[in-house]
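Biologist: I have a new model on my screen and a list of labels attached to its residues. Could you walk me through where those labels come from?

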Amino acid sequence: MPVASNDGVSCYYERDGDGDPVVFVGDAGYGAWQWGWQHAAVAGPYESVVTDVRGAGRSDAPPGPYSIADLVTDLTSVLSDAGFRSAAVVGAGLGGIVGLEAARTTARVDRLVCLGSAATGDQLDLESLYAPPNDRDGLKQSLKAAFSDRFVEEQPDAIQQMIAWRSEEDASPRAWEAQIAAIRDYALDAAYEVTTPTLVVHGTDDAVWPVERGRELAESLPRGEFAAVEDAGHLAHIEQSKRVNDELLAFLADDE
C-alpha cells in the first residue's frame, strides 16, 4: 500500500502499468473511484498513478482549511515517494487547479490535462456537487448535478454504483469544506508562467464549472489547447469516457 508523507499527512496512491507515469489528481469531495474510466486506458502504454486527495479515500484528512499549495506539496510528495522526477498530470476540477499550480511553481509536470476546471474558484457554487457519504438520497441528487439529464436517465445502474462507491470513499463534510476552501482562495494570476503543454477538456453542459471558464483557461495559457465534450456535464470524463480517453491518449502521445 504506497503512502507518501507530507509533513505528517499521509497521501495514498496506487500504481499500475509500465512506461512513463501519468498521475491522476481528483476533484473535491470524490474518492479515487472517479478515475475508474481512465485508469484502464492509461495503464497499458503508461504507468497509471491514482492518488487520493487529502481529505478523501485512504489519504489523511487533517483539519482545514487546505490550500492549493498544500495539495501541490502532496502531489510532489507522491512523485518523490514513487521515484518519479516528473510526470504527466491529469486533474479534475480541484485537481486541475493543483496541476496548474504545480506546473507554475515546479519543474515536475511534463504535460497537464485539466478536466472540468478553471483558473480561479471565484464565484463557483460547488455545493450542489456534494452530499455526505452516509446520505444516499443526497448522493444521488448531487450526481444529477454532475451529469447531463440524459446520462442520469439512461444510466441508472451506473448512478447506483457510483452512490455505493461514494458512500465508501468520499470526503466527510468537514474535509469537503477544507477542500473547497482551497478552490475558493485560488486564482491563477500569472497564466503566462504555465509553459507546460496543457489540454483543457470541458463538458458543454457543465452546470457548476461553466464551460466558458475552461475556454478562458486554455486561451490564457501559452501552450493551452481546448477540447469541448458535447452533451456532457461536469464529470465528462465519466459520462463521455471514450471521447475523453481518446483526447487524453492523443495528447499524452504528442511529444512536440
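Modeller: Happy to; we can take the labels one by one. Keep in mind that this is a predicted model.

Biologist: Let's start with His234. Why is His234 called buried?

Modeller: His234 has a relative accessible area of 4%, and buried means under 20%, so His234 counts as buried. You will find His234 in the loop between β8 and α9.

Biologist: What makes the pairing of His234 and Asp27 a polar contact?

Modeller: The contact between these two side chains spans 2.6 Å, and the cut-off for such a pair of N or O atoms is 3.5 Å. The value is therefore within the limit.

Biologist: And Arg54, how do you know whether Arg54 is buried or exposed?

Modeller: The same kind of check works here. Arg54 has a relative accessible area of 7%, which is under the 20% limit, so Arg54 is buried. Arg54 sits in the loop between β4 (47–51) and α2 (68–82), and its side chain makes a polar contact of 2.7 Å with the side chain of Asp74.

Biologist: Which other feature should I look for in that loop?

Modeller: Look at Pro65, also found in the loop between β4 and α2. Gly64 and Pro65 are joined by a cis peptide bond, with omega about 0 degrees.

Biologist: Now for the other label. Why is Asp7 called exposed?

Modeller: Exposed means over 50% relative accessible area. Asp7 has 77%, so the label fits. Asp7 lies in the loop between β1 (3–6) and β2 (9–16), and phi of Asp7 is near 50 degrees, a positive value in a residue other than glycine.

Biologist: What is the phi of Gln123?

Modeller: Gln123 has a positive phi of about 65 degrees, although it is not a glycine. Gln123 is in the loop between β6 and α4 and has 73% relative accessibility, so with the cut-off at over 50% it counts as exposed.

Biologist: Let's turn to charges. What makes Glu14 and Arg58 a salt bridge?

Modeller: Their side chains meet at 3.2 Å, N to O, and the limit is 4 Å, so the pair qualifies. The pair links distant parts of the chain, with Glu14 in strand β2 and Arg58 in the loop between β4 and α2, 44 residues apart. Glu14 and Arg58 also belong to a network of salt bridges with Asp52.

Biologist: Why is Glu14 called partly exposed?

Modeller: Glu14 has 37% relative accessibility, and partly exposed covers what lies between 20% and 50%, so Glu14 takes that label.

Biologist: How do you know that Arg15 and Glu47 form a salt bridge?

Modeller: Their closest N and O atoms are 2.6 Å apart, which is within 4 Å. Arg15 is in strand β2 and Glu47 in strand β4, 32 residues apart. Glu47 is buried, because its relative accessible area of 10% is under 20%.

Biologist: And why are Lys242 and Asp246 separated by about one helical turn?

Modeller: Because Lys242 and Asp246 are four residues apart in helix α10 (residues 241–253). Their side chains meet in a salt bridge of 3.3 Å, N to O.

Biologist: How many salt bridges are found in the whole structure?

Modeller: The search finds twelve.

Note on methods
Residues are numbered from 1 along each chain as its sequence is written. This is a predicted model: local features need pLDDT of at least 70, side-chain atom pairs count only at pLDDT 80 or more; totals for chains, interfaces and linings use all residues. Side-chain values use heavy atoms; hydrogens and water are left out. Helices (H or I, at least four residues) and strands (E, at least two) are DSSP runs, numbered from the N terminus. Buried means under 20% relative accessible area, exposed over 50%, partly exposed in between (1.4 Å probe, protein chains only). A polar contact is a pair of N or O atoms within 3.5 Å; within protein, one must be able to donate a hydrogen and the other to accept it, and residues adjacent in sequence count only if both atoms are side-chain atoms.
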